[in-house]
Every structure is written in C-alpha cells, then in structure tokens.
Amino acid sequence: MNILDDMGTLAVGNRCTEGRASTLETSTTTPSSHCLFGTARVKAWRVNATGAELPYANCVSGPSSLFHYSIPATSAMSLLHFSTFLAVALLARAQTQLLQGSCSFEADSCGYTSDPAYAEWTINEEGRFITAESLTFAEKGKYVLVSPELELRDWSCVRLVYQISGSGSLQLHLRPEGENFDYTLWTAEKPSDSWLIASVDLRNTSGAYQLLFEAKPSRGMGNSVALFEIHIIPGYCIECSFEEQHLCGYSNQWNPNVNWYVGGSLARDPQSNLPDDHTMNNERGHYMYVDSVYVKRFQEVAKLVSPMTTTSMAGCLSFYYQRDQAVGNFFSVFTKDQLGHYDEIWRPDVYATTNWKLVQVDIKAPHPLEVVFEVAFNSPRGGYVALDDISFSPEFCHTETEPAFDPSVANCDFEEDLCQYYQEQAGGSVWNRVSVKPNVYRIGDHTTGTGSFLLANTRYTSRPGYVSRLFGPSLPGNHKYCLRFYYALHGFMKIDNALALYVYDENNIAQEKLWTVSERYKDAWTQVEVTYLKPMPTKVAFVSICRNFWDCGLVSLDDISVTLGDCRVTAGPLNPPPGHCNFETGDCDYTQKKKAKKGHWLRIRGQTPTSYTGPKGDHTLGVGYYMYIEASYMLPKQSAQLKSTELRGSAGPQCLIFFYHMYGSGTGTLNVLLHKGDRERLLWTRQGEQSVSWMKATVDYECYTRHWIIFEAARGSSIRSDIAIDDIVFKKGPCKDPGDSIQYSGFSENLNEIEY
C-alpha cells in the first residue's frame with residue numbers, strides 16, 4: 001500500500017499558509033490541525049478500506065471547501081500510527097448514521113436507476129462515482145437518476161459530493177407519491193475542477209417519495225456531471241459534530257492569517273493548550289477552532305459558514321464553545337441571507353471558559369440563510385475559540401422571548417368577510433366589500449375574477465370628501481415582515497392621495513408612511529410589496545383621501561398577505577415544478593410550432609397593441625408578463641398551441657389552475673387539451689367574450705402515464721380577439737375551488753351591477 005506520495009497522501013495535520021500553497025506545508029507548529037483550504041489548490045485524497053488511494057477533492061475557496069486528510073511527505077509517522085489513525089477515521093465514518101437512499105457507488109448504484117426516457121448514467125469502471133457525459137448526450141436531452149422509493153418520515157439532510165466539469169447543470173428534485181410533478185429542491189450550474197459539497201434539507205413527510213438527480217452537461221468535449229457520494233443523514237443540514245470527512249458542508253471564508261481549523265485527533269501536539277473534543281470527550285474526536293498565532297493586523301476576522309438552508313426553519317440552535325483570553329478576541333454568531341445581510345443572533349456574556357459551554361439561541365429562517373460563526377482578534381496573543389456539536393431543534397429554546405405566531409392572521413382575500421380588517425367608526429364605512437359580476441366594462445376581483453374585494457368611494461358615498469383608514473390586525477414587534485397586496489384605480493383625476501399605506505402602533509399613532517401610489521395604472525390589478533420592521537407591536541393601515549368628490553374615483557383592494565422576512569428574498573426553490581409558470585422570467589419551457597409569424601403565442605407585458613381587446617396588465621403583478629395570441633396576425637379560426645413540458649402522470653386526480661383573459665367583440669375560443677401518445681383530449685373550453693377581468697379556471701383530470709397539457713387559442717371573427725393566459729399551476733387533485741364552474745355568456749342585463 002503506497003501511503004505517501006510527493007504531496008503527502010493520507011494525512012493529518014497541516015495548515016495552508018497565505019492562501020497560495022500548491023503543496024502541503026510541513027511545519028510542525030500546529031501538527032494537530034486540518035485546514036479548510038481557502039484559495040489553495042492542494043490535491044487531497046482519501047483511503048478506502050482496502051488501502052487504495054481515491055481522489056477526493058481539491059481544496060477550493062468559498063462554500064465548496066472540503067475537509068481532507070493529508071500526511072506530509074517528511075512525516076515520521078509510522079505505519080502503526082497510520083493504521084491506528086485509519087481505524088479511527090473509518091470508525092468515525094461508521095458512526096455517522098446513513099439512511100436509506102445513501103450511496104457511495106463503491107460497488108453498485110444502491111438501487112438508483114437511470115430513467116429510461118433519458119440518457120443513461122455511467123458508473124466509473126473502478127466504481128466510486130457515477131457520471132453523465134456529454135459524449136453520450138445524444139438526443140435524450142438530459143440524464144435523470146431516480147432513487148429507490150424512500151419513506152423517511154423524520155427531517156433529514158441530503159449531503160452530495162458532486163462535480164460539474166466544463167459547463168452544465170445539476171438539479172435535485174423531490175417526487176412525492178401520487179403527485180403529477182416534481183419539486184425542485186436544489187440546483188447548481190457553477191463548474192469546478194474539484195469535488196464540491198452541497199447540503200439539502202428534506203422536511204419531515206408522511207408519505208413515500210423518490211429523489212431525482214437531473215444532469216444536463218453542455219454539448220461538446222470535456223463537459224460532464226458526476227456524483228461521487230450521496231449521504232442521507234438524520235437531522236438538519238446545519239447540524240455538525242465535525243467528525244465527518246467533509247465537515248457537514250461547513251466552509252471557511254479564507255483569510256491569509258486567521259482561519260478555522262480542525263482540532264483534535266491522535267496527532268495532537270502535547271504542547272498544545274487546545275481542549276479535548278466535546279463529542280467523544282477525548283483526543284480522538286474533532287472540533288473546529290481558530291487561534292491568534294498568525295494575526296498580523298488589528299481586528300483580523302475568521303468566519304466559519306454553515307450550508308445555506310433550503311427550506312423554512314424555526315427553532316433552537318445549540319452549540320458548545322470554549323474561549324481563551326477573551327479580552328483579546330470577539331466571538332459572535334450571525335445569520336446571513338441571500339442578499340448578504342447579516343443579523344447578529346448571539347455573543348458571549350462571559351469571558352474565558354475552561355470547559356465546553358452550551359449555548360442555545362432561537363433562530364428563524366423563513367427564507368434561505370447561512371449561520372456564520374465569526375471570531376476577530378486584536379493581536380497575536382488573542383487566545384483561541386473552539387466550537388463543537390452544533391445541533392438544531394424545532395422547538396424554541398426561549399419560548400417566553402420568542403412567541404410562536406403565524407403572520408398569516410393578516411391575510412385576506414375578502415371572499416367571505418373582512419377577516420381581521422376594520423375601519424374607523426367615525427365617518428361611516430367608506431370601504432365596502434363588493435363583488436362585480438363579470439362584464440366587459442369593469443374588472444372583477446383579483447382572486448378569481450368573480451369573487452369579492454374591497455372598494456372605497458363608491459357612488460353610494462354622498463359626502464363631498466373623506467379620509468378613510470382601513471386597519472389590519474396587530475403584529476408583534478422586532479420581526480421583519482413582507483406585506484403584499486393588490487390595488488386598482490378607476491376614474492381618478494388626481495391620484496396623489498388615492499391610496500397610501502401607513503404603519504401604526506397599538507395606540508393608533510402613525511409611525512411611518514410605507515408606500516403611496518406613484519404611478520397611474522388604471523383598471524388593472526397591480527401588486528405592491530413592502531418590507532418593514534418595527535421594535536413595537538404595530539398594524540398597517542390603508543389610507544384613502546378624497547378632498548373633492550368630483551376629482552376622486554374608485555379604489556379597489558384585494559388579496560392581502562403577510563409573511564416573515566424580506567420581500568426581496570425568495571422563500572423556497574427558484575425553479576417552479578414542471579408546468580408551473582407565471583412567465584415573469586421566461587416561457588418555463590413551454591413550446592409551440594413557429595413555422596411563420598402568424599398564429600403563435602407571444603410573451604408580452606402591458607397592454608396588447610389592438611384597442612378594445614386583451615388585458616391591460618398581467619395577472620401576477622399587473623406590470624409583469626403573460627402569454628397571448630395577437631389576433632391581427634391571424635386569420636379567422638386560425639389557432640395556436642402552447643405545449644407544457646412533459647408531465648409524468650400519477651395515480652389519482654390532478655388539478656390544473658390558470659388565469660385566462662377573453663375580452664373583445666370578436667373573441668374566439670380557448671381550449672385546454674390533454675396530449676398523450678398520439679391523441680389529444682379536450683379537458684376545458686371557453687368561447688366568445690367573457691370579461692374585461694382575468695378569470696380563474698380550475699380543471700380536474702386524471703392521467704396515469706406521461707402526458708402534456710396544451711393551451712389552444714383560436715382567433716374569432718375580428719382582430720378584437722386577443723386571448724391571454726397567466727399563472728399556470730398544477731396541484732394534487734381534486735380541485736377544491738369551484739373556480740369558474742359557472743358558465744358565462746359574457747353579457748349581463750346590468751353590465752355595471754355591483755353586489756354588496
């Protein structure tokens with residue numbers, strides 16, 4: 001067995017220096033340390049049970065840094081010591097509980113299979129990884145690796161060791177049993193010349209599911225995607241005892257002088273004052289530590305960063321630490337969101353500790369974030385900080401200071417009542433809950449097109465002017481809230497005071513104006529997003545002012561929602577499941593035949609070119625994108641088809657939900673078709689002018705095999721026949737919302753009828 005090579009093949013114990021090392025430093029200053037290399041390109045290896053050398057990783061900067069073992073070429077460690085160390089390393093690996101679905105591809109694929117509809121993954125001839133090569137890409141489009149059926153009822157973590165060579169992408173999907181589509185959990189597109197680590201949380205579930213790894217290497221020589229290791233372990237991805245080879249995906253933010261290192265192991269320096277590991281309470285375990293030996297400047301900072309959470313989490317974060325010479329260092333714990341914003345959640349209230357000290361701090365992650373352990377030193381005599389056994393519990397550790405509450409109490413679509421919203425009693429009711437029957441002159445509500453919404457300054461208000469305040473429920477302070485709502489204006493001469501949003505305290509004292517109408521989008525529902533944070537309990541108020549009755553018009557309000565976190569941070573995966581689309585960032589892989597300019601779907605924002613037909617804005621944002629047919633380019637009865645991505649089919653009913661817009665005197669027909677094999681079946685249809693509103697459609701259907709959904713629009717008798725669709729969603733059926741089950745002719749005895 002060849003233990004040593006020119007760089008030191010299995011090993012223990014060396015620092016990288018200055019971030020530029022190309023070989024391992026053989027200094028024995030700190031022989032007990034392993035380095036999470038920053039920018040160093042140091043070849044790393046691991047050794048399997050038979051003693052064979054396996055290429056494991058190159059140390060790289062950023063969140064993909066890997067933990068590795070290395071023995072300096074000049075080391076005097078004997079084979080006996082090496083064997084002992086190897087036994088400990090293998091024991092630590094064995095102690096990591098691996099769940100069903102884990103695979104290292106040592107001998108076989110562990111029940112993982114290539115989806116026969118796509119290109120086939122290839123296991124390396126010597127084992128140890130599975131790859132998707134661009135050379136075998138052919139016409140299959142992509143590679144899909146499917147896990148055996150899993151029934152992991154408790155929260156677990158998928159840890160991937162992967163590599164993207166050249167260019168390409170890798171995605172992880174969750175396929176729940178009985179559903180028609182897959183959920184995208186994680187995606188990566190950044191190429192690397194080394195193995196990278198990814199950590200993805202799997203929420204607790206009551207049903208069976210499968211994991212799918214979808215690889216798309218770009219065409220051309222040298223492009224490939226490989227999976228080296230899939231480990232599924234119980235618990236949360238931010239948990240770590242630092243006994244795993246790759247440190248649970250934790251990474252070191254590289255600093256030339258101070259960094260986090262792995263402490264412990266059998267190779268410990270007897271002169272060191274560093275502690276024993278907390279997990280095993282002896283010298284054989286590992287922990288992370290940072291010391292001040294190489295500090296050269298005042299306030300040098302070392303940061304240890306957790307994997308990014310991939311799903312919402314709330315509970316108690318626990319960890320153990322030791323701190324030496326506390327007057328010479330500063331230790332803090334932060335959370336960091338996708339926008340790069342830091343929020344300090346803890347700092348020590350004691351100085352030096354001679355034993356491991358437990359810390360428990362409440363953490364809320366309504367959107368993806370990282371936990372950052374940061375230490376800053378004043379001088380080379382600033383001592384050290386050690387960290388071990390990071391864990392997480394879904395129960396808050398300080399319930400008296402972190403009350404659990406649901407901000408959705410402030411949500412309201414006004415379909416049934418006013419929810420928890422109310423208005424001032426003085427001055428009467430300016431805001432009224434109304435419903436407008438669909439017609440060709442006035443838009444209906446935003447929720448369904450036929451439901452209810454709030455309307456201020458109706459013709460039944462006889463006063464020459466008013467100031468109206470609509471208050472929401474009180475929400476606790478010290479939380480960042482994202483408030484979303486839709487508004488529409490009609491008939492205003494001046495919009496300066498048409499609608500504004502304020503935040504009030506519990507004593508009904510205005511604290512701040514958060515938003516006011518700044519642009520004039522008439523007769524179209526427009527979305528507003530507002531992020532705010534106040535230290536005290538507050539409530540929002542929608543304020544409408546009419547100083548002169550004849551200058552004022554109608555103000556509409558609908559679909560208010562409140563969530564925790566910043567509106568700019570996406571909660572959940574960026575990629576929607578197949579078939580889902582709001583057309584804001586593209587066509588979501590919907591396809592159509594484009595043999596000529598005439599007769600195809602177009603993606604557009606704003607109003608369509610032809611007057612008296614088409615929407616004035618999209619349904620999602622009011623100022624966003626949607627798909628429509630331009631009737632002036634088409635001949636009467638000419639049609640265009642928009643085809644979804646492939647849906648896999650499943651047992652049980654499925655529910656298709658979308659919004660459509662059919663306004664214009666010559667409007668034709670909109671059909672929804674199910675395409676399976678070489679056949680098409682009609683699922684839903686509407687013909688003729690329906691409303692000036694976006695209307696909600698819900699379609700129940702069943703299909704057990706692979707299929708596609710097609711939206712087919714046919715032009716009517718005139719060019720005023722633009723037909724549009726937006727906000728397509730697939731759900732596990734049956735559809736609970738009746739949607740537009742009522743048949744509309746598009747005409748009414750009273751076109752402007754309002755119901756209270």
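I take a residue as buried when its relative accessible area is under 20%, as exposed when that area is over 50%, and as partly exposed in between. The model I examined is a predicted one.

**Entry 1. The chain as a whole**

I began with burial, and found that 56% of the 756 residues in the protein chain are buried. I then looked up the secondary structure and noted one helix and 43 strands. For the contacts, I considered those with a separation of 6 or more; in the protein chain, 79% of these are between residues 24 or more positions apart. I recorded an accessible surface of about 32,800 Å² for the protein chain, with 50% of it belonging to carbon and sulfur atoms.

**Entry 2. Disulfides**

I recall that a disulfide is a covalent bond between the sulfur atoms of two cysteines. How many disulfides does the count give? I obtained eight disulfides, and I followed up several.

I looked first at cysteine 482, which is joined to cysteine 567 by a disulfide with an S to S distance of 2.0 Å. The link of cysteine 482 and cysteine 567 has 110 degrees about the S-S bond and is right-handed. Cysteine 482 belongs to strand β28 (residues 479-490), whereas cysteine 567 is in the loop between β33 (554-564) and β34 (601-605), so the pair ties together parts that are 85 residues apart in sequence. I noted that both cysteine 482 and cysteine 567 are buried.

I turned next to cysteine 655 and cysteine 735, whose sulfur atoms are 1.9 Å apart in a disulfide. I read 110 degrees about the S-S bond for cysteine 655 and cysteine 735, a right-handed link. This pair also links distant parts of the chain: cysteine 655 lies in strand β37 (residues 650-662) and cysteine 735 in the loop between β42 (723-732) and β43 (754-755), 80 residues apart. Cysteine 655 has 3% relative accessibility and therefore counts as buried. Cysteine 735, with a relative accessible area of 16%, is buried.

I then checked cysteine 581 and cysteine 588, which a disulfide joins at an S to S distance of 2.0 Å. The torsion about the S-S bond of cysteine 581 and cysteine 588 is about 75 degrees, so I entered this disulfide as right-handed. Are the two cysteines buried or partly exposed? Cysteine 581 is buried, at a relative accessible area of 5%, whereas cysteine 588 is partly exposed, at 26%.

**Entry 3. Aromatic rings**

I searched the whole structure for aromatic pairs and found 35. One that I examined is formed by phenylalanine 453 and tryptophan 525, which are 5.6 Å apart centre to centre with 80 degrees between the planes. Planes over 60 degrees apart count as edge-to-face, so I recorded the pair of phenylalanine 453 and tryptophan 525 as edge-to-face. Where do the two residues of this pair lie? Phenylalanine 453 is in strand β26 (residues 452-456) and tryptophan 525 is in the loop between β30 (510-516) and β31 (526-534); the pair links distant parts of the chain, 72 residues apart. Phenylalanine 453 is buried, with a relative accessible area of 3%, and tryptophan 525 counts as buried at 9% relative accessibility.

I also noted one aromatic cluster made up of Phe583, Tyr590, Phe658, Tyr660, Trp684 and Phe711.

I looked for charges over rings as well. The charged end of lysine 142 is placed over the ring of tyrosine 118, at 4.9 Å from the ring centre. Arginine 603 lies over the face of tyrosine 625, and here I read 3.9 Å from the ring centre.

**Entry 4. Two asparagines**

I located asparagine 252 in strand β14 (residues 251-253). Asparagine 252 is buried, with a relative accessible area of 0%. What does the side chain of asparagine 252 contact? I found a polar contact with the side chain of asparagine 259, at 2.5 Å. The side chain of asparagine 252 also reaches the backbone nitrogen of tryptophan 260, at 3.3 Å.

I placed asparagine 204 in the loop between β11 (196-202) and β12 (209-217). Asparagine 204 is partly exposed, with a relative accessible area of 48%. Setting aside neighbours within four places in sequence, I found asparagine 204 in contact with Arg153, Asp154 and Trp155. Asparagine 204 and glutamate 151 are 53 residues apart in sequence, and I noted 9.9 Å between them in space, C-alpha to C-alpha.

Notes. Residues are numbered from 1 along each chain as its sequence is written. This is a predicted model: local features need pLDDT of at least 70, side-chain atom pairs count only at pLDDT 80 or more; totals for chains, interfaces and linings use all residues. Side-chain values use heavy atoms; hydrogens and water are left out. Rings of Phe, Tyr and Trp (its six-membered ring) pair if their centres lie within 6.5 Å; planes under 30 degrees apart count as stacked, over 60 as edge-to-face and the rest as tilted. Helices (H or I, at least four residues) and strands (E, at least two) are DSSP runs, numbered from the N terminus. Buried means under 20% relative accessible area, exposed over 50%, partly exposed in between (1.4 Å probe, protein chains only). A charge sits over a ring if NZ of Lys or CZ of Arg is within 6 Å of the ring centre and within 35 degrees of the ring normal. Contact means heavy atoms within 4.5 Å. Accessible areas come from the Shrake-Rupley method with a 1.4 Å probe; for residues, only the protein chains shown count as cover. A polar contact is a pair of N or O atoms within 3.5 Å; within protein, one must be able to donate a hydrogen and the other to accept it, and residues adjacent in sequence count only if both atoms are side-chain atoms. A disulfide is a pair of cysteine sulfur atoms within 2.5 Å.
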